[in-house]
Amino acid sequence: MGGALHPAVRQPEHAVQHRICNWHKDFAHAFTFGGPLPGPDYARTGLAILWGHNPAKSWLAQSAALAEAKARGARLVVVDPRRSTGALQADLWLRIRPGTDDALALGVAHQLLNRRGHDEQFVRRWTNGPLLVRRDTGRFLRASDLEPDLAGFVAWNATTDAAEPVDTAILSSKAEQFALHGTRRIPTRGGIVECVPAFALYTRACADWPLDRTASTTTIEAASIASFVEELLAAESVSYSAWTGIGQHANATQTERAIATLYALTGSYDAPGGNVVLPKQPANPVTSHAQLDPRQRAKALGLDKFPVGPPSQGWINARDFCQAAIDGDPYRVRALVSFGGNLLLSQPDPQRTAEALRALDFSVHLDLFENPTSRFADLLLPVNTPWEHEAFRAGFEITPSAQERVQLRPRMIEPVGESRSDTEFVFDLAARLGMTDEFFGGRIETGWDHQLAPLELTTERLRAEPGGVDVPLRTGYRKYAEETDGGVTGFATPTGRVELYSERLAEHGQSPVPVARTPEVDTRYPLVLTCAKNGYFCHSQHRGISSLRRRFPEPTVDLSPELASDRGIVDGQWVEIATLSATVTMRARIDTALHRDVVVAEYGWWQPAPDLALPGSDPLVDGGANYNLLIGDDIRDPISGSVALRSTACDVRPAGPSPWTAEREFIVESRALETDDILTLGLRPVDDGGLPDFRPGQHITVAAADEPQVTRSYSLTAAARDTGRTAYSVAVRRLPDGQFSPLVHERFQAGARVLVSPPSGSFALPSGHRQPLVLIAAGIGITPFLSLLETLASEPGTAPEIVLHYGNRNSGSHAFRERIDSLAKRLRTVHVVNHYSRPAPGDTYDVQGRVSADSVEASLIERRARFYLCGPGSMIEEITSGLLARRVPRADIFTEKFHAAPAPVTIADDATATVRFARSGREATWRKADGTLLQFAEKSGLSLPSGCRLGQCESCAVPVLAGTTAHLVTPPDGLPDDHCLTCQSVPTSDVTLDA
């Protein structure tokens with residue numbers, strides 16, 4: 001109901017992000033079919049097409065329905081520049097150059113028409129293809145042009161060889177006689193007029209895209225395009241889904257037209273197994289753009305440039321908003337109310353957007369959390385989550401049965417603090433502005449009852465049935481053919497038919513038939529940049545959530561191996577992405593499935609994850625990580641105003657030295673006993689090359705040079721940031737029954753050669769934080785915290801409040817005591833509490849007994865301190881349970897165990913499994929002797945991400961797309977069910993990894 005405020009306050013501007021989201025599938029689609037793109041009938045489809053849409057990352061209900069369709073034998077074609085999740089499951093993947101979907105659609109249509117593979121009966125009866133178009137005006141020839149009393153249009157009857165009036169309100173019995181090709185000279189009341197059927201104009205547009213040109217432009221192999229045509233020819237029913245992959249280009253509307261008209265040729269629209277128009281619940285609407293005074297509607301920004309685009313429905317583009325706010329052109333925009341938007345991370349040219357926000361006289365932002373856009377607001381109002389308020393919905397779209405469901409979603413918890421729903425804010429504001437009557441007396445429930453009245457339901461009834469009420473609806477097919485008042489329903493287009501030719505577009509100076517263009521290549525920026533949704537985050541949100549960020553810590557850009565080699569870039573290296581607008585920096589990830597000239601970057605990066613010591617990025621700074629800095633909007637779709645968010649010219653180059661990725665030979669430079677069983681080692685690289693910084697708490701993995709198969713990971717103990725670093729230091733406790741630590745103590749003498757892997761691990765400690773930090777260590781578990789203290793001592797003034805609880809048996813086992821005491825004296829915000837469980841005579845300590853959750857002061861819990869635990873698994877489990885019992889949120893507890901607990905796994909000696917690495921397209925046969933999946937991948941010549949190799953740090957986690965695996969250790973809490981830790985897992989069936 002928030003949209004009701006827009007017409008009520010009589011303002012023409014409704015600045016939503018429609019053109020970069022759903023305008024093209026919901027409104028541009030209407031240029032062809034008269035309404036939005038209906039949902040696919042996956043339950044009956046024979047061929048499903050995902051075109052610029054990946055439901056696995058955006059619409060899980062649709063993804064599940066598609067998986068069921070595949071399981072019963074439906075075919076799947078995916079059009080995507082990336083080997084997306086959908087493409088991995090596809091029978092045919094078309095790896096398209098971003099921004100050339102229009103060419104592909106027209107080229108496929110051309111092949112289909114040449115093969116006479118289109119549904120000719122549907123084309124003749126239900127498209128405007130047979131209708132004659134005047135060559136002199138580009139308009140349809142009207143029947144009234146022949147005789148003043150006639151209504152409708154004109155077609156050429158090939159049987160009678162004469163022009164014939166066509167009333168599209170009825171279904172002509174002569175449709176099969178109408179000519180689809182040929183130029184005709186038609187006598188009219190105004191003289192002879194040369195005309196041609198609309199279908200002929202459409203086929204000529206398609207004929208501009210023969211197979212070779214289509215393949216060259218789209219970079220899809222001609223054989224794959226031909227296979228797509230064969231799939232269409234063989235399918236009894238066709239459905240498709242398209243979304244932002246189509247809409248975020250500067251040719252988006254004609255692209256939508258090209259795909260929609262191709263789909264019309266299949267005859268599957270609103271047919272079983274096609275895209276079916278589901279009936280809607282007859283709920284009363286609460287608002288409409290028509291409520292706005294026509295004089296106000298005419299003032300919509302950008303309406304003069306895009307008269308049939310989003311401004312015609314009251315939605316404006318970012319460029320037009322900025323121009324009005326900054327320059328007052330055509331008039332000054334002075335205020336903005338923003339509901340949950342983040343313009344700086346979603347619109348092109350964020351710096352200009354920021355200037356526009358500064359120019360406003362007043363702005364209000366409503367959101368769950370603050371974001372970069374909200375920082376420009378005069379007021380930031382807290383909005384609650386969906387679980388804190390009721391919400392009403394009639395119909396859930398995905399299936400006919402879902403569409404019958406009417407539900408009032410119940411409030412699950414009481415609102416936190418002063419947060420309110422968007423609707424509550426709108427109703428309250430409306431009342432204060434004197435518009436109570438327009439807002440149902442200021443009562444939301446009354447508004448819901450108004451909507452529910454035609455359904456003979458009430459809010460009170462729905463509240464009593466929280467699961468919802470099913471209101472039966474009749475789902476029919478081919479509703480356009482239903483008879484009504486002596487005619488047929490037809491389509492809600494100007495001609496009453498599917499419009500292969502759009503007179504409406506022609507009237508506004510646009511091509512009436514879909515057209516495509518060959519992309520121009522700028523030699524300065526010879527690559528094409530696109531973006532993709534990260535499955536762990538939602539747009540520009542959630543990167544501050546530790547459980548998600550630890551699985552995807554940094555912004556990445558995907559490059560093909562060929563491009564990376566040409567540019568001297570290796571996997572994991574920081575690179576610069578440059579466009580005409582700006583430069584941003586991301587970490588390279590090599591994707592063997594990408595075309596050489598395609599670059600796929602992530603959008604939405606700005607948030608820090610302070611609990612993981614991961615930085616954020618200023619979205620306005622050139623060289624940062626905000627993808628939208630790269631995007632300009634000088635070139636816009638001439639109909640919708642869409643810009644090339646997913647098809648911008650770019651180049652890439654290294655932004656720093658190649659990263660250290662493989663094992664590297666080090667020499668033991670120094671060693672010293674801290675206690676009888678704890679040895680400190682200084683390790684210097686043999687090549688004397690540079691050593692990268694790390695985050696406090698991270699570890700390195702060490703192996704003996706002559707036994708590289710046996711490894712262990714040890715926390716780094718020195719300051720995390722040091723420009724003059726020449727060595728790393730670690731501390732190793734000797735375990736009497738250990739496999740590796742006795743070797744370290746006995747054989748790692750000064751001068752010994754060892755193998756070291758680069759710093760890694762997600763257990764990291766922040767050197768700056770708004771909340772207090774509680775560090776809890778036992779014995780050798782002090783090492784990551786020692787690194788934090790050393791880091792803080794080297795960067796005075798940044799230390800947060802820290803309480804360190806350090807447990808030991810007595811002074812004999814108390815490692816690093818003098819060093820920690822020295823650091824604590826220098827760091828005034830650090831307080832150390834020493835716990836001795838078995839103190840010796842003369843020992844000095846603070847608490848006798850083991851460290852426990854009860855050791856923590858209540859005030860620290862009340863202030864939402866963050867807890868970092870390192871020690872034996874039993875200690876961590878005990879203290880974690882105690883903290884949870886004291887109402888510490890689990891999300892505020894971070895742990896690092898000494899060893900992951902083993903898990904019993906029985907593998908037969910003769911076991912084999914086919915392992916498919918989906919992204920590289922490689923597969924091989926695994927045998928028990930091959931070890932873990934990570935070891936197997938490396939033996940197969942593949943490089944997978946890895947870290948501790950003990951199943952603790954999760955650096956090696958990858959999604960399992962098919963099959964099953966078993967972990968050799970107990971996996972960490974929170975690891976998704978469909979992921980495995982390759983360093984400690986083996987296949988238990990044939991398996992496909994997203995790697």
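How much accessible surface does the protein chain have, and what share of it belongs to carbon and sulfur atoms? The accessible surface comes to about 41,800 Å², and 49% of that belongs to carbon and sulfur atoms. Keep in mind that you're looking at a predicted model. Here's a quick tour, from the whole chain down to a few residues.

**The whole chain**

- Going by secondary structure, the protein chain has 30 helices and 44 strands.
- Its radius of gyration is 33 Å, close to the 30 Å that the globule rule gives for 995 residues, so the chain is as compact as a globular protein of that length.
- Measured out along the principal axes, the box that the C-alpha atoms fill is roughly 115 × 65 × 55 Å.
- Of the 995 residues in the chain, 54% are buried.
- Take the contacts between residues at least 6 apart in sequence: 70% of them join residues at least 24 apart.

**Charges**

- The chain carries 100 positive and 118 negative charges.
- The mean positions of those two sets of charges are 1 Å apart.

**Cysteines**

- If you're hunting for disulfides, the structure holds zero.
- Why does Cys322 have no bond to Cys531? The sulfur in Cys531 is the closest cysteine sulfur to that of Cys322, but the two are 19 Å apart, which is too far for a bond.
- Cys322 is buried, with a relative accessible area of 1%.
- Cys195 counts as buried too, because its relative accessibility is 0%, and the cut-off for buried is under 20%.

**Helix α15**

- Cys322 also turns up among the buried residues of helix α15, which covers residues 318-327.
- The other buried residues of this helix are Ala318, Asp320, Phe321, Ala324 and Ala325.
- In an α-helix there are 3.6 residues a turn, so residues three or four places apart point the same way.
- What do the buried residues of α15 pack against? Their partners are β12 (335-339) and α17 (350-359).
- After α15 comes Gly328, with a positive phi near 70°.

**Leu37 and its surroundings**

- Look for Leu37 in the loop between α3 (30-33) and β1 (39-40).
- Is Leu37 buried or exposed? Its relative accessibility is 11%, so Leu37 counts as buried.
- Leaving aside residues up to four places away in sequence, Leu37 touches Lys25, Asp26, His29, Tyr240, Ala242 and Asn275.
- Leu37 and Ile259 are 222 residues apart along the chain, yet their C-alpha atoms are separated by 11 Å.

Notes. Residues are numbered from 1 along each chain as its sequence is written. This is a predicted model: local features need pLDDT of at least 70, side-chain atom pairs count only at pLDDT 80 or more; totals for chains, interfaces and linings use all residues. Side-chain values use heavy atoms; hydrogens and water are left out. Helices (H or I, at least four residues) and strands (E, at least two) are DSSP runs, numbered from the N terminus. The radius of gyration is taken over C-alpha atoms; the globule rule is 2.2 Å times the number of residues to the power 0.38. Buried means under 20% relative accessible area, exposed over 50%, partly exposed in between (1.4 Å probe, protein chains only). Contact means heavy atoms within 4.5 Å. Accessible areas come from the Shrake-Rupley method with a 1.4 Å probe; for residues, only the protein chains shown count as cover. Lys and Arg count as positive and Asp and Glu as negative; His and the chain ends are not counted. The place of a charge is taken as NZ of Lys, CZ of Arg, CG of Asp or CD of Glu. A disulfide is a pair of cysteine sulfur atoms within 2.5 Å.
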